[in-house]
Every structure is written in structure tokens, then in C-alpha cells.
Amino acid sequence: AITSLEQALARARRHSDTTAVLYIDLDNFKQANDLHGHQTGDHILRQVAARLSGAVRAGDMVGRLGGDEFVVIAERVDGPEEAQALAARLIVAMSVPVEWQDVRLSARASIGIALASGAEMAPLELLACADLALYQAKQRGGQGIDVYDETLQQRLAQRDQVERDLREELSQGGGGLVLHYQPVVDTAGTLLGVEALVRWARPGHGLLAPDRFIPIAEASDLIIDLDRWVLATAARQVAAWSSDPQLAGLRVSVNISGRHLVSQRLPGFLAEVLTATRIDPQKLTIEITETVLLDDLTTVAAQLDEVRRLGPQVAVDDFGTGYTSLAHLHSLPVDTIKIDRSFIAGMRDPKDASLVRMIMELAHQLGLNTVSEGVETIEQLTALKALGADHIQGFFIARPMPPQGLQTWARDRLQVPAVK
Ligand code: C2E
Ligand code: CA
Ligand code: CA
């Protein structure tokens with residue numbers, strides 16, 4: 001493949017046209033290999049190779065770089081659009097299910113593209129660019145296509161810097177991290193608990209929202225260090241509040257990343273935190289997003305069981321955005337479902353409203369509690385009450401705020417009668 005690429009690049013220079021390399025990586029190959037054995041894995045690879053060869057243009061070259069990584073060299077392309085169209089075709093060709101013995105699997109792949117025209121470029125250099133684009137494509141969660149350009153290089157460098165800075169921040173004790181707490185109330189407006197949401201005062205960048213650094217941390221075990229900092233800090237906050245008459249009974253929810261849960265390191269650390277702070281374990285809730293349940297149901301369920309044995313409750317976050325089979329839900333060790341705010345936002349649409357109603361009925365039949373997230377208007381609140389909502393969270397009640405802010409908020413609320 002490297003030799004062919006070298007020759008293709010020389011031809012492109014001579015004829016001043018453009019060569020594209022498509023770096024292809026299967027998203028779910030390791031899983032298929034682990035689950036169904038190496039023979040099945042080999043069969044999938046052969047099928048993928050055949051599909052690729054069948055879907056490229058006449059004259060394009062298909063090679064395997066190793067493992068589940070393939071490369072396509074396409075000469076004389078008009079530009080990035082043509083290469084992207086080819087990549088899209090390849091993804092479709094690969095995704096047609098492969099049948100082998102009693103297994104039926106569809107290969108999902110991501111593709112990174114790099115183009116070379118007149119400029120002198122070594123094959124490995126161009127492949128490295130395609131690999132960076134692939135990395136970027138993978139970040140979007142599978143079946144992505146990305147094209148390399150200079151801004152991509154910059155974005156990736158910035159991303160690396162965020163990761164290094166956050167690692168440094170955590171190794172120094174996390175003094176620049178803060179938790180804001182967003183109230184969760186019942187439909188009568190009584191404050192029941194809060195969700196801990198992390199922010200980062202990154203030097204020179206202001207206060208960063210979690211979506212600016214959590215996804216980066218989630219690409220490595222850095223997320224476990226971050227989650228641990230949050231868990232320990234939230235538990236200390238519960239301990240501090242226990243002597244405050246307004247805040248003593250509050251439950252605190254902490255978000256735990258799927259990677260952390262699957263690492264099987266959560267229960268041990270949770271036990272340490274509970275011992276160190278001596279808080280009532282039932283004051284803690286662990287939130288995991290619904291998509292985590294798809295990862296490895298057996299491990300996830302066992303880990304959640306252990307969490308609950310220690311005392312904390314378990315909530316499924318962003319419910320409705322994943323594909324949890326409703327039938328699964330009753331066998332999972334969870335206490336609460338948090339209905340994703342996209343459904344609440346769309347509640348004026350009768351279809352969304354009936355989805356919310358259905359989720360709530362199901363939850364209640366399974367003996368689960370619901371939290372409706374992202375409630376922003378009185379209309380939404382009224383509609384939710386009519387549907388029998390349990391708990392409410394959202395900007396209409398309050399935004400996330402620092403601990404001092406919460407204290408004031410809770411006190412001021414006591415002085416006005418609750419809204420009907
Ligand atoms: P999430 O767990 O779904 O948290 C709720 C998010 O919705 C928060 O955003 C909150 O500020 C926002 N929100 C609450 N009410 C409303 C509303 O009425 N309208 C709108 N538009 N938004 C509302 P935030 O704090 O930016 O957090 C974003 C996400 O980052 C969280 O989503 C969670 O997935 C993640 N995250 C936050 N803190 C942590 C953490 O400590 N650990 C981990 N692993 N993830 C965290
Ligand atoms: Ca959450
Ligand atoms: Ca959520």
C-alpha cells in the first residue's frame with residue numbers, strides 16, 4: 001500500500017492532479033471479535049475487503065494496513081467532495097450485514113481523508129494526516145467521515161492542550177474546578193435535591209462549561225480522575241450541608257461517565273468516599289446516561305448493583321435518547337429515570353407529549369421515580385403536572401449555582417409561599 005501510494009503521489013505531481021487517501025477503521029470490530037471469536041472476525045475482514053474492492057472506482061487501490069484498518073488510494077479526484085462521496089459509498093457498502101454461521105453483523109466504519117496535489121509529500125506523511133482526520137471522525141461516535149485540513153491540525157492541538165491542562169489541574173488537587181448545584185423540586189416546589197455539575201476555571205480561558213472538557217476527558221481514563229474529584233467534592237458538600245437547617249436533607253446527584261462505570265473502579269472509590277466523609281449514603285445518587293446501558297449490560301448491571309448495595313441510588317440520565325429496550329428496564333438496578341430535556345422542550349407537539357406520558361407511565365408501573373429535565377416554562381410545568389410528573393429540574397425552577405448561591409436561593413424561597 002505504501003509503495004502504491006508513493007507511485008500515486010509521484011503521478012499526481014507529474015500531472016498536477018489530486019490523489020486522495022481514505023483511511024478506514026472499523027468501529028465495532030474488536031467487540032465482534034471478542035463476542036463471536038476470531039474466525040468470525042477473519043470472515044468479517046475478508047468480507048469488508050471484498051466490499052471495498054467492489055465499491056471503489058476502477059483504478060482505485062484497496063489495501064489493508066493491519067488489524068481492522070484499511071486504506072483506499074484514489075487518484076485523479078476533483079477535490080474533497082468527490083473523496084467524501086466515495087467514503088460515504090464505502091460506509092454504506094460495508095454496513096450491509098455480513099452473515100457467517102449463525103451470526104449476522106453489520107460492519108460500521110469511520111473514514112479519515114487526506115488529499116495531496118502538487119506539493120511534495122511523503123506517503124507516510126499523507127497517511128498520518130488521514131489518520132488525524134480519522135481520529136476526528138471517530139470522536140463523533142462512529143460512522144463518521146472527516147477531511148484533513150490545517151484547521152483540523154489546530155483543533156487537535158488545542159484538544160491535546162485541554163487534556164494536558166486538565167490532567168495537570170487534577171494532579172494538583174483540582175483547585176480550579178468548581179461544582180455548581182441545580183435544584184430538583186417536586187411539583188409543589190419543595191426542594192428535594194440537587195445535581196452537581198462541574199465547571200472549570202481554566203487559566204486564561206474563563207469558566208469552561210463541561211461540554212468543553214468532559215468529552216475530551218472521556219477519551220481516556222482522565223475522566224475517572226475527574227469523576228472522582230466530583231464525587232469526593234460533592235460528598236464533602238453533603239457533609240457540610242448536614243449542619244445547615246435548610247439544606248440538611250438534600251440529596252446530591254453526581255454524573256458518572258460510562259467509561260468509569262465499565263472500568264469497575266467506581267464501587268471501591270465510592271466506599272472510600274462514604275467512609276471518609278461519613279455522610280448518609282442514601283443522600284447520594286449516581287447518574288449514568290442511558291447509552292451506557294448499551295455498552296455491556298452484564299457488567300453495567302453488576303456495577304450498579306454494587307453501587308446500590310453501598311446505599312446510593314441510581315438514576316438513568318437523558319432517558320429517551322438511547323435505545324434501551326423497555327423490557328430491559330425492569331431488570332436493571334435503577335431507581336430513577338431522568339426524562340431527557342429534548343422531549344420536554346417539544347411537549348407542545350402532541351407526539352412528544354405522548355412520549356413523555358408513556359415514559360412516565362412505564363416508570364411508575366416499574367416502581368421508578370421520574371425527573372423531568374430542562375423545564376423552562378410554566379406551560380411545560382403545568383403540562384408535566386397533568387401527566388403525573390414526580391420531580392422537576394430546569395431553568396424555570398433554577399439554574400445551576402455555586403454552593404453559596406444555593407444557600408441564599410433556598411432561604412429566599414422559604415420566605416415566599418410556593419407557586420401553585
Ligand atoms: P446533564 O447531566 O444532562 O446535565 C444537565 C445539563 O442541562 C446541565 O448542563 C444543565 O445546566 C442543563 N440544564 C438544566 N436545566 C436546563 C434547562 O431548563 N434548559 C437548558 N437548555 N439546559 C438546562 P451543563 O452543566 O452544561 O452540563 C452538560 C453535561 O455535562 C451534563 O449533562 C453531563 O452530561 C456533563 N457533566 C456535567 N458535570 C459532570 C460531571 O461532574 N461528571 C461527568 N462525567 N459529566 C458531567
Ligand atoms: Ca445528569
Ligand atoms: Ca440529563
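**A tour of ligand 3 and ligand 1**

Start by selecting Asp318: at 24% relative accessibility, this residue counts as partly exposed (20% to 50% relative accessible area, with under 20% buried and over 50% exposed, using a 1.4 Å probe and protein chains only). Before you go on, this is a predicted model, where local features need pLDDT of at least 70, side-chain atom pairs count only at pLDDT 80 or more, and totals for chains, interfaces and linings use all residues. Residues are numbered from 1 along each chain as written, chains are lettered from A and ligands numbered from 1 in written order, and side-chain values use heavy atoms, leaving out hydrogens and water.

Now click Glu373, which is buried at 11%. Next, show the calcium ion (ligand 3): its protein donors are Asp317 (OD), Asp318 (OD) and Glu373 (OE, listed twice), 2.2 to 2.5 Å away. Donors here are N, O and S atoms within 2.8 Å of the metal, or 3.2 Å for Na, K and Ca; water isn't among the atoms, so sites may look incomplete. Add the calcium ion (ligand 2), 4.0 Å from ligand 3, and you'll see that Asp317 coordinates both.

Then move to ligand 1. It has 21 residues around it, the closest being Arg199, Asp317, Arg341, Glu376 and Phe395 (a residue is near if one of its heavy atoms lies within 4 Å). Zoom in on some polar contacts, meaning pairs of N or O atoms within 3.5 Å. A side-chain N or O atom of Glu376 sits 2.5 Å from a nitrogen of ligand 1, while a backbone N or O atom of Val198 is 3.2 Å from a ligand 1 nitrogen.

Terms used. Polar contact = N/O pair within 3.5 Å; in protein donor to acceptor, adjacent residues only side chain to side chain.
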